[in-house]
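Hi everyone, and thanks for making room for me today. I'd like to walk you through a structure that may be new to you, so let's put it up on the screen.

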Amino acid sequence: MPSKQPSPHTVLKTHFGYDSFLPLQEEIISHVLAGRDGLVLMPTGGGKSLCYQLPAMCLPGMALVVSPLIALMKDQVDALNANGVAARFINSSLTASEIELAQAQASRGTIKILYVAPERLAVPGFRRFLQGIDLSLIAVDEAHCISEWGHEFRPDYRNLRQLRGDFPRVPVIALTATATARVRDDIVEQLGLQRGRIFLSSFDRANLTYSVETKEGFWSKLLSLLNDHNGESTIIYCFSRRETEELAEDLKDRGLLARPYHAGLDPEVRRRTQEDFIRDRVPIIVATIAFGMGIDKPDIRLVVHHSLPKSLEGYYQETGRAGRDGLPSECVLFYSRADRAKQDYFINQLEDPQEQRNARQKLSQMVEFAEVPTCRRKSLLAYFGEETMRDSCGGCDVCLAVGDEVDATEITQKTLSAVIRTGERFGALHVARVLRGSREKRLLELGHDKLSVYGIARDYTEDQIREVIGHLQARGLLVRNEGEFATLSVSQRGKEFLTRREGLSLPRLKTGADEGRPGASTRGIGERRAATVTADDYDQELFEELRALRRDLADQQGVPPFVVFGDVSLRYMAAAFPQSLENFARAPGVGKAKLEQYGERFVAAIRGYAEPKNIADRTAEMASSTGAVAASAESRQERREGRRGDTYELTLALLSQGLSISQIAGERKLAETTIIGQMERMVSQGRELRLEHLLPEAECLQSIRDAFDLCGYEYLKPVREYLGPDFSYEEIRLTRLHLRQEEQGKTE
């Protein structure tokens, strides 16, 4: 009689130490256990690995996992073994006898999960070996590598077509954290997943704070960041090998433990550097993008880009190496125009015109992300085709700067006029130089020194004017036109601004400090970060003691510290002070195997710290579910917005007085879109708002309602395009808010 399939919830707790699944995990696991194919798009830290590891434990036979990263394989196998899961890997790092042993164990049925590199699938002997295995599941990790449209195409991944043909009845699950719609379609095509289901999680990494800084004052800003993250794992990405070595040397001269990493170093040096970083022996790695793909380290707290990445896709993946355990972490991009010039130089070396155009488009999107001051999170999500209706994410430099504004009417008029006077044929740099009165040769040849706008903004720096241009793009007054060279034009909204002589406030600029016009923000990089990233309520001293114990045990066993326990587990222990094995077992990440192996040592350490201080066991006071510590993206958003509760109440009070959106925005010194965003959030929370005085005439209201019924309620743009220019985005958005509130009233 066949053995009964274990329950996914039982395996989750027994082997992985968690009481509940993260969003989408349970649905995906049920789908796989039913023997169906699937494509999973889930952000780093969202729990992709569990989507195939747990089914492998429930199903008879062995799961085959194809992964391109040798170091990552070893870390995942170490972590699985520590959780009591029989797992092995086969790749080029093993000797022939070690590979033979692993295959023998698989043939005997003593392995549940086998990791292999894609190159292995081209070896005839290995394919014959697989024919004798009872395969329960094929998992393809980093699935974007199969697509030529992806940013990390690996030709060896095409071997998976043959594997699919060899095992047509074995379910295939493909997983990736970074894939545009085009790449997703290609993965489905290449792996024959047309009958499978696509599981699309949000790309939002809610625990990450994104910010863009100018390179002016780079060293003081960087040292401030590193001081705030003292002792925590940090990656600093640089453009070239030379830059990594110089920056690492400069950090060492300042007394910081840092090492360079790039492909030109001796392989043994690279291996040792990576190993020391994973084992918490070296906190700071200064690297090219060659570093990181093979890193499964969950507790990286800071990712810095010293140079501009080539694409938003690459940037998202590189920043995604921060905070994989779900705890607050930070991503800072230092930007200068010189970095774009470096990337442009290499793009110009590409021989294929189409490849060159693609690279230029990707770089242009990256530049726009850095230069245009719109919500960084919203920009990243939009790149992957995901729209968020939140006006403020509460976790990027742009959203945190809202409210610190000054009158910018005059510089806005000058900038728009300069774009028009130069024929709307030039980019931001040329416009800035005209306004500054530059004597640059090309400008003089064009006769732009004779224009009425020449030199009328000499009191602004070039960078300040470019920053103003970014704000005007974000507000729809200027339009960036893509091509071989990006140019600026004034939108209809911008022309109306000039003819109506409207006023405009903009956030204080990050560069410059003149009073009375947009100038340097008075909030420093550390102060802005403190407003976003707040630690959980745990005992820092005990946490450090437990970290030291974790490191000692890991060194004894030859594994990375996070294989013993992650920071989420240690923070829980340092908050709950579990002083019995029974209560210790309730900590997230403590399964049966780890309880038996580490429980007594950790409980003894916690007692030794707590008893002299008369600290009682607080486990009963802590939420038993892991969601209390490693919360979902939505609950983290709730926590962020909970800290802004007062601002919602102020908006609600003014709304109740019958004020218009513009009046409320003026009173609150906030953008009108921010006010509407707060209203949308309140309605989603079930609050009843007074909206009658904000709605258009009955006939217009009905037209907008009909348009939503036809185009759908999710996106505003299709509705606006259907209705035409006579309807503003504001009245369309407010009407949707009214309709949603109306619908809520029906269901109550």
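I'll go through two sheets, then some helices, and finish with two loop residues. Before we start, please keep in mind that this is a predicted model.

Let's begin with a sheet of six strands. Reading across, the order is E8-E13-E12-E9-E11-E10; the sheet is open, and the pairing is parallel. Which strands stand at the edges? They are E8 and E10, the latter being residues 258–261, and each has a single partner strand, so one side of each is left without a neighbour in the sheet. On average, neighbouring strands here are turned by 15 degrees against each other, ignoring direction.

Now look at one strand of that sheet, E13, which covers residues 329–335. Is E13 largely enclosed or largely open? Seven of its seven residues are buried, so the rest of the structure largely encloses E13. A reminder that helps here: side chains in a regular strand alternate between the two faces of the sheet. On one side of E13 we find Ser329, Cys331, Leu333 and Tyr335, and on the other Glu330, Val332 and Phe334; all of them are buried, and both faces are covered.

What does E13 pair with? On one hand there is strand E8, residues 208–214, which runs parallel to E13 and is joined to it by seven bridges. If you want a place to put your finger, serine 211 stands opposite valine 332 of E13. On the other hand there is strand E12, residues 300–305, also parallel to E13, with four bridges between the two. There, valine 303 has cysteine 331 in E13 as its bridge partner. To get from E12 to E13, the chain passes through helix H12, residues 312–319, and this β-α-β crossover is right-handed. You can also see helix H14, residues 353–371, lying across E8 and E13; H14 runs at about 105 degrees to E13.

At the E10 edge, four bridges join E10 to strand E11, residues 284–287, and these two run parallel. Proline 260 is the residue that stands opposite valine 286 in E11.

Let's stay in this area for a moment and look at helix H11, residues 267–278. Its 12 residues should span 16 Å at 1.5 Å a residue, and its end C-alpha atoms are 17 Å apart, which agrees. Thr273, Gln274, Asp276, Phe277 and Ile278 are buried in H11. What do the buried residues of H11 pack against? Their partners include strand E9, residues 233–237, along with E10, E11 and E12, and also helix H4, residues 70–82, and helix H24, residues 561–564.

On to the second sheet. Seven strands make up this open sheet, in the order E3-E4-E2-E5-E6-E1-E7, with parallel pairing. Its edges are E3 and strand E7, residues 197–200; each has a single partner strand, so one side of each lacks a neighbour in the sheet. From one strand to the next, the twist averages 20 degrees. At the E3 edge, E3 pairs with strand E4, residues 113–116, in the parallel sense over four bridges, and arginine 88 stands opposite leucine 114 in E4.

A helix to visit here is H5, residues 96–107. H5 has 12 residues and reaches 16 Å from its first C-alpha to its last, close to the 16 Å expected at 1.5 Å a residue. Its buried residues are Ile99, Ala102, Gln105 and Ala106. They cover an arc of only 125 degrees around the axis, which puts them on the same side of H5. Over on the other side, Ala96, Ser97 and Glu100 are exposed. The buried residues pack against strand E2 (62–66), strand E3 (87–90) and helix H6 (124–131). Just after H5, glycine 109 takes a positive phi of about 80 degrees.

Last stop: two loop residues. Glutamate 424 is not a glycine, yet has a positive phi of about 55 degrees. You'll find glutamate 424 in the loop between helix H17 (409–421) and helix H18 (428–436), and it is partly exposed, with a relative accessible area of 28%. Asparagine 614, not a glycine either, also has a positive phi of about 55 degrees. Asparagine 614 sits in the loop between helix H27 (592–610) and helix H28 (633–642), and is exposed, with a relative accessible area of 72%.

Thanks for listening!

Technical notes. Residues are numbered from 1 along each chain as its sequence is written. This is a predicted model: local features need pLDDT of at least 70, side-chain atom pairs count only at pLDDT 80 or more; totals for chains, interfaces and linings use all residues. Side-chain values use heavy atoms; hydrogens and water are left out. Buried means under 20% relative accessible area, exposed over 50%, partly exposed in between (1.4 Å probe, protein chains only). Two strands pair if DSSP finds at least two bridges between them. A crossover is right-handed if, with the strands pointing away from the viewer, the path from the first strand over the helix to the second runs clockwise. The expected span of a helix is 1.5 Å times one less than its number of residues. The arc is that of the directions from the helix axis to the C-beta atoms. Contact means heavy atoms within 4.5 Å. Axes are lines fitted to C-alpha atoms, for helices over the stretch in contact, and angles run from 0 to 180 degrees between N-to-C directions.
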